[in-house]
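Please look over the sequence and the model before reading on. The paragraphs below go from one helix outward to the rest of the chain.

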Amino acid sequence: MNSPTADRPAPPTASTELAVIFSDIGGIAQRNLRRLVRTPQLLLISTAQPLLILLLFRYVLGGAIAIPGGHYVDYIVPAVFVEASLIGGSATSVGLAEDLKSGIIDRFRALPMARSAVLAGRTVADLCRSVLVLAMMITVGVLVGFRFHNSATAILAGIGLVLMFGYAMSWVFASIGLAVKDPETAQVASILPFFLLIFPSSAFVPVSTMPGWLQAYAKAQPATVTINAVRALMVGGPAHHWVWQSVVWSIGIGMVFAPLAVRQYRNLTS
């Protein structure tokens, strides 16, 4: 005679639960990527702003900005790569706010899926979009005169830093979208991190040209550190000092804002 517990399913193991979580994340990511395929204007808009900034500084303002020992096009293009990753991350904020307003979050809530999967799937899909946008920006950068002056390994490391920083910042934007809950408000609110990080940085002009009180902030903030690291890896120059700081900043931002966004999401759907 069989034992009463013979037909009971085995309790899920840690590896099984992890596989289910990754499956949920993959499903949400596919859903958002399909939406991107069906609405290619989202990709176009994500590319248009950094492209316009690149052309503006390359052909309108670039002639008036002198960079000691180098060409301005080699100075500005790596910064635009980082800027493009931030613009792509801001789509996370608007997308989550739209999902909240449309009620799709309530549908996800009714499904037996990991609570973190909705956010992780969204950020992974936006990371994939950032890869496409970055590829476009590299192509345009080369067309306007930018040239890589380092090894292939260093260049790939620079691209990796851009994507790593953009992915970390996507969790910041996810937290913003969950906080404001309205697409129009999220679009406006997502501009604030962009302005606070990109303009008071080494993106467009050397930090040494800024007022002394602003230099202290501009030198230490994550956008400057990442831009300097990417610039050194792609164009040449001492990179180690900037690279490790960029990695620490990206990991730190992710460790703070990913749990915060997940907690916000759980509070919304509890």
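**One helix and its surroundings**

In this predicted model, Leu214, Gln215 and Ala218 are the buried residues to look at in helix 9. They sit on the same side of helix 9, because the arc they cover around the axis is only 105 degrees. On the face turned away from that buried side, helix 9 carries the exposed residues Gly212, Trp213 and Ala216. What lies over the buried residues? Helix 10 is included in what covers the buried residues of helix 9.

The two helices can be described as a pair. Helix 9 is made of residues 212-220 and helix 10 of residues 222-235. Their axes come within 4 Å and cross at roughly 60 degrees. Helix 9 is therefore oblique to helix 10. On the side of helix 9, the contact is made by Ala218, Lys219 and Ala220, and helix 10 contributes Pro222, Thr224 and Val225. Sorted by class, the residues of this contact are four nonpolar, one polar and one charged. Ala218 thus appears twice, as a buried residue of helix 9 and as part of the contact with helix 10.

Pro222 of helix 10 also leads to another part of the chain. Ile253 is located in helix 11, which covers residues 240-269. Although Ile253 and Pro222 are 31 residues apart along the chain, 9.4 Å separates their C-alpha atoms. Is Ile253 buried or exposed? Its relative accessible area is 8%, and a residue counts as buried under 20%, so Ile253 is buried. Not counting residues up to four places away in sequence, Ile253 touches Phe165, Ala168, Met169, Val172, Pro222 and Ala258.

Met169, one of the residues touched by Ile253, brings us to the nonpolar cores. The largest nonpolar core has 52 residues. Those with the most contacts inside this core are Tyr72, Ile76, Phe81, Met169 and Phe204. Which elements give two or more residues to the core? They are helix 2 (41-61), helix 3 (72-102), helix 5 (115-143), helix 6 (152-180), helix 8 (191-198) and helix 10. Tyr72 can serve as an example from this core: with its neighbours within four places in sequence left aside, Tyr72 is in contact with Phe57, Gly62, Ile65, Ile67 and Phe204. Another core, of 19 residues, lies apart from the largest one and has Met113, Ala117, Ala120 and Ala174 among its members.

Next comes a serine. Ser170 has its place in helix 6. With a relative accessible area of 2%, against a limit of 20%, Ser170 is buried. When neighbours within four places in sequence are left aside, the residues in contact with Ser170 are Gly89, Thr92 and Thr123.

Finally, consider the chain as a whole. How many helices and strands does the chain have? There are 11 helices and zero strands, so every element in the order from the N terminus on is an α. The C-alpha trace spans about 85 × 40 × 40 Å along its principal axes. Of the 270 residues in the chain, 49% are buried. Among the contacts with a separation of 6 or more, 80% are between residues 24 or more positions apart. The pair Ile253 and Pro222 illustrates such a separation, with their positions 31 residues apart along the chain.

Note on methods
Residues are numbered from 1 along each chain as its sequence is written. This is a predicted model: local features need pLDDT of at least 70, side-chain atom pairs count only at pLDDT 80 or more; totals for chains, interfaces and linings use all residues. Side-chain values use heavy atoms; hydrogens and water are left out. Axes are lines fitted to C-alpha atoms, for helices over the stretch in contact, and angles run from 0 to 180 degrees between N-to-C directions. Angles under 35 degrees count as roughly parallel, over 145 as roughly antiparallel, 65 to 115 as roughly perpendicular and the rest as oblique. Contact means heavy atoms within 4.5 Å. Ala, Val, Leu, Ile, Met, Phe, Trp, Tyr, Cys and Pro count as nonpolar, Asp, Glu, Lys and Arg as charged, and the others, Gly among them, as polar. A nonpolar core is a set of buried Ala, Val, Leu, Ile, Met, Phe, Trp, Tyr and Cys residues joined through side-chain atoms within 4.5 Å. Buried means under 20% relative accessible area, exposed over 50%, partly exposed in between (1.4 Å probe, protein chains only). The arc is that of the directions from the helix axis to the C-beta atoms.
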